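Student: Could we go through the terms used for this model and check each against its criterion?

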Amino acid sequence: MKKTKKAKVVFLLLFFSAVISSVYFFYFKKTDPKVALNYVLKNNPVESNCIENLVFERISNNSIKLIFNDSLDGEVKEYNIMRASMDKKSEWTKLSTIQSDNKVDKKNYEYEDKFESNGPTQFRYRIDICKKDDNNIVRGNETIASNVLVCLDPGHFNGKTPVTGDKTYNYCEGSYTIKIGLELRDLLLKKYGISSKMTRDSEHITIDNLTDQELDGKKIILRGEVSKGCDMFFSLHTNANGENANNAKTNEQAKNITKTLLLMNKLSMSNERAIKVANNIGKEVSKVNYNFKLSTTPNFQTASVNNLKEWTGPYNDALDQIGSVCYRHNPMGNDYYDVLKGSNNVNVPGMIIEHGFHTVVEMRKCAAENDLYKHWALADAKGIAIGFGFAKENDNDDKK
Ligand SMILES: [Zn+2]
């Protein structure tokens, strides 16, 4: 009797500790962004641990820092920093070896990799461990890293420019652009090793003590200036048209008004890379819109350096025109949009991306029902990656 009672108690204790630790694990995993630095135990008892999540920090246009934590120090003799080119068949090179200090004390190991050039450079990295007991080498998981840093500006702020009238599907541009922005940030990092600086990563935006409407009303130029030090600037939006354009209700336009527009700042008009990025974002987003039946054509008119279309109101609202890479200047010949002027001020080629028209009912419906932002973000990411030479134009790779 006593024995079974004891066994029961032991069983219950084991059961509850398992429950508590798994709850803790999931909680920890969901709430701590640093969890990316944690190794996850694999089920396989032989060679059970490997470095699964290696993160990096882009330091400058010719160096990155690899970071991993020390939770395996107890069983690891040394860590080998490995690097390979993006070609899957390429050999791995050992860059350095770091000795384990044998103490698991929540310290991070870091390694700075300096590149030979300042141009867009992308590598695969992993940390292989050499185990103390049997000298076995266990390969780590791969992480893609690059020296490219872009600035993402999810347009407006939550609640700004809600659609009014019938069949709104609760669409609000300022609340939707943050979804595109966060998804794009994550995709760029995961798929291409491209880092992002965000003008906002939540519902609201504050720069220089100015928040939301106060900022956009007085000094929207500051949003563009956040891009200082970045390789390119992207302001993410959905488009609208003039009041009652095309003799239809403002927010019930025919879907052939849908066209993808890239509005370039002055620097980017003469920047070959920015033009390539814009052309490819335009092509990819136009395909998404067509596939979701938000537009009547997948076509997009590309531009070349200093040879862009001028944006006009009639072109914006036209029902028989395709999307393009444009510019819009004020009478002084400067950028019409202050957000673009801002990025120009800090020497960063930049563009506004008008993904689609939220004045089209089908677009709002699709946004509400089909995670449209994920598809747009994927299209933006691919266009950016192609422009920086990290993906090919006819690459049909839509893997997450
Ligand atoms: Zn907008």
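The exchange below concerns a predicted model.

Student: What makes strand β9 largely enclosed by the rest of the structure?

Tutor: Five of the six residues of strand β9 (residues 149-154) are buried, so the rest of the structure largely encloses this strand. Buried here requires 20 or more other C-beta atoms within 10 Å of a residue's own. Across the protein chain, 41% of the 400 residues count as buried.

Student: How do you know that β9 pairs with β10?

Tutor: Pairing needs at least two bridges. Strand β10 (residues 195-198) is joined to β9 by four, and the two run parallel. One of the bridges places Cys151 opposite Lys197 of β10. Between these strands the chain passes through helix α2 (residues 173-192), in a right-handed β-α-β crossover.

Student: Which strand is joined to β9 by five bridges?

Tutor: That is β13 (residues 232-239), which is parallel to β9. Five bridges meet the criterion of at least two, so β9 and β13 pair as well. Met232 in β13 is the bridge partner of Val150.

Student: Why is Val150 called a member of a nonpolar core?

Tutor: Such a core takes buried residues of listed types, Val among them, joined through C-beta atoms within 7 Å. Val150 belongs to the largest one, of 71 residues, and is among the five that touch the most other members, with Leu262, Leu263, Met264 and Ala278. Helix α10 (residues 372-387) supplies the largest share of this core, nine residues. Another core, of 15 residues, lies apart from it and includes Val76, Phe123, Tyr125 and Ile127.

How values were computed: Residues are numbered from 1 along each chain as its sequence is written. This is a predicted model: local features need pLDDT of at least 70, side-chain atom pairs count only at pLDDT 80 or more; totals for chains, interfaces and linings use all residues. A residue is buried if 20 or more other C-beta atoms lie within 10 Å of its own, exposed if 12 or fewer, and partly exposed in between; C-beta atoms are placed from the backbone. A crossover is right-handed if, with the strands pointing away from the viewer, the path from the first strand over the helix to the second runs clockwise.
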